[in-house]
Amino acid sequence: MSFFHKGHLQAIRTIFTDRTGVQPPRRSSARPTVRRVLLLAAVLTCCLTLSAFAVSLFSSLSGDELSLSATYQGNGLVSIQVENRSDKVLCFQPKLKLMQWSTSQEIQPLSDTVLFEGTTIEAHTSGTMTVDLSSAYDLSLLEQPLTNDHYYFVLTNNNFLFGQDWMCSVEFAPSPKSVQEEPQPLSPSEADAALASRTAEELQPYFDTYITDPDARRDKIQAYYADCQALLYPLGDRLVSPASLPLLPELPDPDVPFDESVPAEYQLSLIGADISTLDAYGIPVGGAEGERALVLNAHLPQYKGQSDGGAPVPLLYLMTYETADLKSPQDYTLIHGQLLTFAQLEPYKVYQDEQFVCYDVTHLFYTDLRQHVESVIRQRTDIYYDDQVWARVEQIYAYFQACIKAGSFSLPGTASGQ
């Protein structure tokens with residue numbers, strides 16, 4: 001049987017001081033039992049306050065979005081381009097994990113001396129965070145070329161909690177694959193000429209270029225929204241905006257494996273769902289800031305033989321509207337640069353109840369599945385692609401279509417509707 005003694009009290013005092021910066025008073029006049037109770041209450045209050053504060057931090061679980069791109073400068077110095085697409089300030093903690101794709105194991109540092117600069121990225125801005133690994137890792141090991149493998153960082157703003165940690169690929173030496181000349185990314189118009197012909201004339205220039213620089217992309221997005229508003233202004237109340245959160249189709253366990261080369265326990269890691277304001281080319285899915293689509297992804301291997309997860313490639317897009325907002329079939333909405341009436345969207349309706357209407361709008365984002373997937377792959381250097389991977393894509397696409405056809409939808413985090 002355990003008893004409370006002075007050692008426990010001192011431990012509680014230490015925790016309280018570390019978390020609050022305040023030294024608890026020592027008053028000999030207070031009865032020991034009362035003092036201990038009050039001190040315990042103060043510690044619990046502190047912990048609860050910190051937990052509540054963590055909820056307000058930048059988190060992908062709250063819909064906060066970012067993009068990361070790392071470049072090795074040599075001598076252990078890595079620059080990480082960060083694009084904060086959220087309304088919240090993003091403050092990275094000065095800590096990271098360096099992982100290897102093929103093993104999913106952390107590369108153990110020689111010391112904890114990793115230096116960070118530029119860890120705070122304001123809302124809706126881009127910035128460069130620098131990380132100096134020179135005193136923490138064996139650079140001669142990291143700079144050896146890898147074959148069909150990669151390193152990646154895990155970064156965090158809250159002790160690597162789920163939804164508050166992010167992966168970022170980094171190459172310390174050119175791999176045999178990356179030394180070869182890589183195909184240049186295509187613009188949306190180049191990737192799908194048939195789709196480009198349906199884009200509103202005022203918005204067509206945004207589909208004719210593919211921009212990789214985060215600052216230039218942010219400026220392009222803001223300009224796109226401004227031109228959308230000018231285009232949509234004459235419609236007045238005949239314009240309908242999507243609901244704040246898209247509906248999610250029920251995703252049961254698949255009847256057949258997505259990829260027979262992947263162990264059964266990893267099959268569900270090959271699919272994913274995101275709520276996003278942008279398509280695969282960085283172009284807004286809607287006509288105003290904050291308009292979002294549900295994106296169903298296939299995860300493709302980032303090296304030959306990878307058995308779990310991978311890089312997301314969007315396959316299907318769904319848009320949700322509030323039923324009460326739809327007054328007439330001749331009301332309009334703008335999706336991916338295309339102005340449509342709800343009469344035109346009617347054949348693509350996949351769900352409706354008293355509160356929401358959901359449409360499968362994938363046809364507004366691309367017209368040929370394989371052409372689309374291979375165009376997205378051209379944007380990256382870390383996706384392994386062969387006939388087996390293409391078969392995975394086809395299987396996942398068919399699975400998502402079956403889920404949508406089943407007609408069971410719900411808001412993310414709620415029970416499925418019928």
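1. Start with the loop between β15 (332-335) and β16 (338-341), which is where you'll find His336. This is a predicted model, so treat what follows as a description of a prediction. His336 has a positive phi of about 55°, although it is not a glycine. That's worth a second look, since most residues other than glycine have a negative phi.

2. Is His336 buried or exposed? His336 counts as buried, because its relative accessibility is 2% and the cut-off for buried is under 20%.

3. Now hop over to Asn75, in the loop between β1 (66-74) and β2. Asn75 isn't a glycine either, and its phi is positive too, near 55°. Its surroundings are another story: Asn75 counts as exposed because its relative accessibility is 68%, and exposed means over 50%. So put these two side by side when you look at the model: His336 is buried, whereas Asn75 is exposed.

4. Next, the inside. As a rule, in soluble globular proteins, nonpolar side chains tend to be buried together. Here, the largest nonpolar core has 53 residues, and Leu300, Leu315, Val361 and Val373 have the most contacts inside it. At least two residues of this core come from each of β13 (293-300), β14 (311-322), α9 (342-345), β18 (356-360), α10 (369-378) and α11 (387-406). Which element gives the most to this core? That would be α11, with nine residues.

5. Pick Val361 if you want one residue to explore by hand. Setting aside neighbours within four places in sequence, Val361 is in contact with Tyr317, Leu318, Met319, Ile335 and Leu345. Apart from the largest core lies another core, this one of 30 residues, with Val82, Val131, Leu142 and Trp166 among them.

6. Finally, some empty space. Rolling a probe the size of a water molecule over the atoms shows where such space is left. The second largest pocket has a volume of about 410 Å³. It is lined by 20 residues, and the closest to its centre are Arg85, Ser86, His124, Thr277 and Glu289.

7. Which elements give two or more residues to that lining? They are β2 (77-84) and α8 (214-232), and α8 gives the most, with four residues. As for chemistry, the lining of the second largest pocket divides into three nonpolar, nine polar and eight charged residues. Try colouring these by type on screen and see how they sit around the pocket.

Terms used. Residues are numbered from 1 along each chain as its sequence is written. This is a predicted model: local features need pLDDT of at least 70, side-chain atom pairs count only at pLDDT 80 or more; totals for chains, interfaces and linings use all residues. Side-chain values use heavy atoms; hydrogens and water are left out. On a 1 Å grid over the protein atoms alone, a cavity is a set of points where a 1.4 Å probe fits but cannot get out, and a pocket is an open set with protein on both sides within 12 Å along at least five of seven lines; lining residues have an atom within 4 Å of a point. Grid points are joined across faces, edges and corners, and a volume is the space filled by probe spheres set on the points. Ala, Val, Leu, Ile, Met, Phe, Trp, Tyr, Cys and Pro count as nonpolar, Asp, Glu, Lys and Arg as charged, and the others, Gly among them, as polar. A nonpolar core is a set of buried Ala, Val, Leu, Ile, Met, Phe, Trp, Tyr and Cys residues joined through side-chain atoms within 4.5 Å. Buried means under 20% relative accessible area, exposed over 50%, partly exposed in between (1.4 Å probe, protein chains only). Contact means heavy atoms within 4.5 Å.
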